[in-house]
Amino acid sequence: MAVPKAVVWPRDPHTAAKHDLLKKYLQPWAPILLTHHDSVTYAEGFAGPGVYEGGEPGSPVVAHQVFAEALQQRPKRVRLVLVEEDARRVEKLQRQLTLARQHTPDEISARMQSELHTGTCHPILLDRLRAGGHLGKPLFVLLDSYGGPDIPFSLLQQLAQYKRTEVMLTFVPNFLTRFAAKNDGHRGAGDAAFGGTEWHGVFTQPAGRKFAYLRDRYRESIKRAGFTYTLHFEMVDEGGHPLYLLYGTRHELGVEKMKDAMWSVDPAYGIQYRDPKDVQQQALDLQFEPNTDPLRRMLLEFIAESPAGRAVEDLQQYTLLETVYRPAQVVSLIEKMRDDEAVATEPRRITKKTQVFPYAKKPGQCELF
Ligand SMILES: C[S@@+](CC[C@H](N)C(=O)[O-])C[C@H]1O[C@@H](n2cnc3c(N)ncnc32)[C@H](O)[C@@H]1O
């Protein structure tokens, strides 16, 4: 999609699905954190106008609705810190938040504070979070730019210093592909976004590998910034257009919750997921039990890398942290793979400790051929 010039623009299926994902993640996130803390903060660096052409809510309004509901059960507070560079959109967003407050009981509104700032995400967002004492407290940051090199590594690094901060970044792949051209003027911006020069390796990659190369370097950058656990995947719409999403946290539980949210996104938006690690780049329908062919390929490769085999619990951990799948799918898949003679297990009964080997390489077993 071209970068919209108008104040508001039509909501595309990616955006609808992204908002559903945000809602389904924040719905459990808010109550869990509000049980243990007096307040939580939701921040956006690219907040948008708060509404789409058809009247659908923008992400800050989606978040406002989720938090208003969460506060009904708990005598706590929620703070929203929103930055947007287009003054017309800030004005529109202000109006949308006022409307949202009018639909919220006064007693709840009194415990929801929102601040809007006009200007560029960096350094305003960080300055405001620091000045307001939000850093170090539970904080979810959405960085949903159109896909320019607008998110400096240094911002991510500063956010990641605080163990209760989580980030979600979204961009269309051209954010990455525009760095792949040799002589464009993006080197400085690229170094600032990737936090170094390792990404320059893209210039020697074959054309078909450039996007994947940069995508993988970018994920490493997020980890290097300090987000120990990351989840990345692509949402593909019916026209085949991808949107890349990256989530970073310092807590494994966050990844589990984000996956639960991912797989509960409404399939009616017509999007599919793609796991960046899957060599065949198979698109997956949104089902509670998605097609496991890509997971099977990824697990086979992971198992083959270890001559001593892999324990089921390691396969589950790998599935959680390195793929779009949930660990709960691993045991039944291993059973299926064993029936198909793709792997062998020792012992036969599958527990967390059971070792899994490529079929022909099970110790003590004759080669198949
Ligand atoms: C993809 S839209 C955000 C949509 C919004 N998060 C939602 O889902 O409803 C990106 C927004 O970022 C704003 N923007 C672009 N560059 C920016 C920058 N460097 N700093 C702050 N805002 C920026 C644009 O004006 C636009 O409103």
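1. His19 is a good place to start. One of its polar side-chain atoms lies 2.8 Å from an oxygen atom of the ligand. Note that this is a predicted model.

2. Tyr52 makes a contact of this kind as well. A polar side-chain atom of Tyr52 is 2.8 Å from an oxygen atom of the ligand.

3. Phe46 takes part through its backbone. A polar backbone atom of Phe46 sits 3.3 Å from a nitrogen atom of the ligand. Here the contact involves a ligand nitrogen; for His19 it involves a ligand oxygen.

4. How much of the ligand does the protein cover? On its own, the ligand has 600 Å² of accessible area, and the protein covers 93% of that.

5. On location: the ligand takes up the space of the largest pocket.

6. The shell around the ligand holds 19 residues. Those that come nearest are His19, Glu84, Arg89, Cys121 and Asp144. His19 thus appears in this group and also in the side-chain contact of point 1.

7. What is the make-up of that shell? It divides into 6 nonpolar, 7 polar and 6 charged residues.

8. Asp216 deserves a separate look. It belongs to helix H9, which spans residues 210-225. Is Asp216 buried or exposed? Asp216 is partly exposed, because its relative accessible area of 26% falls between the 20% limit for buried and the 50% limit for exposed.

9. Asp216 can also be placed relative to Trp199. The two are 17 residues apart in sequence. In space, their C-alpha atoms are 9.4 Å apart.

Terms used
Residues are numbered from 1 along each chain as its sequence is written. This is a predicted model: local features need pLDDT of at least 70, side-chain atom pairs count only at pLDDT 80 or more; totals for chains, interfaces and linings use all residues. Side-chain values use heavy atoms; hydrogens and water are left out. Helices (H or I, at least four residues) and strands (E, at least two) are DSSP runs, numbered from the N terminus. Buried means under 20% relative accessible area, exposed over 50%, partly exposed in between (1.4 Å probe, protein chains only). A residue is near a molecule or strand if one of its heavy atoms lies within 4 Å of it. A polar contact is a pair of N or O atoms within 3.5 Å; within protein, one must be able to donate a hydrogen and the other to accept it, and residues adjacent in sequence count only if both atoms are side-chain atoms. Accessible areas come from the Shrake-Rupley method with a 1.4 Å probe; for residues, only the protein chains shown count as cover. On a 1 Å grid over the protein atoms alone, a cavity is a set of points where a 1.4 Å probe fits but cannot get out, and a pocket is an open set with protein on both sides within 12 Å along at least five of seven lines; lining residues have an atom within 4 Å of a point. A molecule sits in a cavity or pocket if more than half of its atoms lie within 2 Å of its grid points. Ala, Val, Leu, Ile, Met, Phe, Trp, Tyr, Cys and Pro count as nonpolar, Asp, Glu, Lys and Arg as charged, and the others, Gly among them, as polar.
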